[in-house]
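Hi,

Here is the structure I promised to pass on. Have a look at it first, and then read my notes underneath.

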Amino acid sequence: MPELPEVETVRRGLQPAMEGARIMEADLRRKDLRFPFQKDFVARLEGQTVTGLGRRAKYLMADLASGDVLLMHLGMSGSFRVRNDDEKTPGKFHFSRNEDRAHDHVVFQMSSGSAIVFNDPRRFGYMKVIARNALDREPLLKGLGPEPLGNEFDAAMLARSCANKKSSLKAALLDQRVVAGLGNIYVCEALFRAHLSPRRLAATLATKAAQRKGVAGGAPTEHARRLVEAIHAVLNQAIRAGGSSLRDHRQTSGELGYFQHSFQVYDREGEKCLTPGCGGIVRRFNQNGRSTFWCPKCQK
Ligand SMILES: [Zn+2]
């Protein structure tokens with residue numbers, strides 16, 4: 001499933017083709033993706049200029065001149081590609097090996113001459129048009145925590161959200177109310193880089209004094225600072241690499257991201273720990289139904 005770096009990569013790929021351009025035609029090739037399209041979906045898109053393309057957690061959000069927002073989610077296997085005018089000539093298409101046009105479900109014909117194609121073999125992705133002033137009440141967005149790369153997300157905030165948690169650090173980081181957009185891969189990688197055990201109690205990110213007094217939210221410990229730094233580092237590095245291409249993620253150009261070559265623990269079970277001087281072996285175990293990869297020797 002795409003995580004934040006993959007969605008951000010897609011956003012950056014779509015931005016030049018969408019921003020400032022008008023949606024001339026919205027071509028739906030089926031009645032539903034994960035959910036049925038709204039009855040007025042096409043009517044609310046056609047003729048509208050996209051004034052900006054943003055991202056919130058794993059949602060792409062296209063601002064329309066009408067005051068509506070087009071919300072798009074990639075689900076498990078969704079991808080976008082941008083087809084430009086000059087590629088319309090037969091023989092000029094550059095399809096990647098596993099591209100399957102039978103799963104092209106939505107095509108936006110833009111006034112810029114580009115066509116934006118949404119492909120999704122498993123159809124867990126979805127799209128919805130919402131009025132901007134109703135975004136606060138939108139159930140899909142409700143309860144989403146801070147953006148991990150946003151200004152408000154820091155050690156103090158992370159410690160506050162974890163202070164009274166009974167869960168493990170891994171489970172807390174996967175909780176979208178604590179921080180939005182992180183999934184299994186980047187949580188494993190961030191914990192490794194911060195040298196923190198995925199089994200550690202989330203509450204240890206806050207000072208003990210605050211826990212004893214029952215004060216809601218302790219001060220951040222050194223661990224919380226280290227962890228926030230590691231989250232920032234791993235996400236920024238992954239975005240620069242175009243995301244990770246495990247399973248289905250690809251960039252809008254059809255190219256694969258290459259951050260999977262920089263994984264330090266994820267998918268490295270049985271291999272040597274990369275921490276200099278550690279000498280440990282990367283292990284995997286099942287934690288809340290997901291595979292956790294870690295080095296038991298240097299992650300405390
Ligand atoms: Zn190690």
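Below is what I found, sheet by sheet, with the helix packing and a hairpin at the end.

First, the housekeeping. This is a predicted model, so to speak: local features need pLDDT of at least 70 and side-chain atom pairs count only at pLDDT 80 or more, while totals for chains, interfaces and linings use all residues. Residues are numbered from 1 along each chain as its sequence is written, and side-chain values use heavy atoms, with hydrogens and water left out.

Helices (H or I, at least four residues) and strands (E, at least two) are DSSP runs, numbered from the N terminus. Two strands pair if DSSP finds at least two bridges between them.

One open sheet has 4 strands in the order β1-β6-β7-β5, with antiparallel pairing. Its edge strands are β1 (23–28) and β5, and each of these pairs on one side only. On average, neighbouring strands here are turned by 15° against each other, direction ignored; axes are lines fitted to C-alpha atoms, for helices over the stretch in contact, and angles run from 0 to 180 degrees between N-to-C directions.

Edge strand β5 (residues 79–83) is mostly covered, with 5 of its 5 residues buried (under 20% relative accessible area, where exposed is over 50% and partly exposed in between, with a 1.4 Å probe and protein chains only). Ser79, Arg81 and Arg83 point one way from β5, Phe80 and Val82 point the other way, and all are buried. The antiparallel pairing of β5 with β7 (residues 115–119) runs over 5 bridges. Within that pairing, Val82 sits opposite Ile116 of β7, and Ser79 has Asn119 as its bridge partner.

The other open sheet also has 4 strands, in the order β2-β3-β4-β8, and the pairing is antiparallel. β2 (50–56) and β8 (126–131) stand at the edges with a single partner strand each, so one side of each is left without a neighbour in the sheet. The twist from one strand to the next averages 20°. Inside this sheet, β3 (residues 59–64) and β4 (residues 68–73) run antiparallel and are joined by 5 bridges, with Leu60 opposite Met72 of β4.

Now to helix α1, which turns up in several places. α1 lies across β2 and β3, running at about 175° to β2. α1 also lies across β5, β6 (104–110) and β7, at about 35° to β5. Contact here means heavy atoms within 4.5 Å.

How do α1 and α7 pack, and at what angle? Helix α1 (residues 4–18) and helix α7 (residues 222–240) pack at an angle of about 40°, and their axes are 9 Å apart. The two are therefore oblique to each other (under 35 degrees counts as roughly parallel, over 145 as roughly antiparallel, 65 to 115 as roughly perpendicular, and the rest as oblique). On the α1 side the contact is made by Leu4, Pro5, Glu8, Thr9 and Arg12, and on the α7 side by Leu235, Ala238 and Ile239.

Last, the hairpin. β9 (residues 283–287) and β10 (residues 290–294) pair in the antiparallel sense over 5 bridges, with Phe285 opposite Thr292 of β10. The hairpin has 2 residues between the strands, and Asn288 takes a positive phi near 50°.

Cheers
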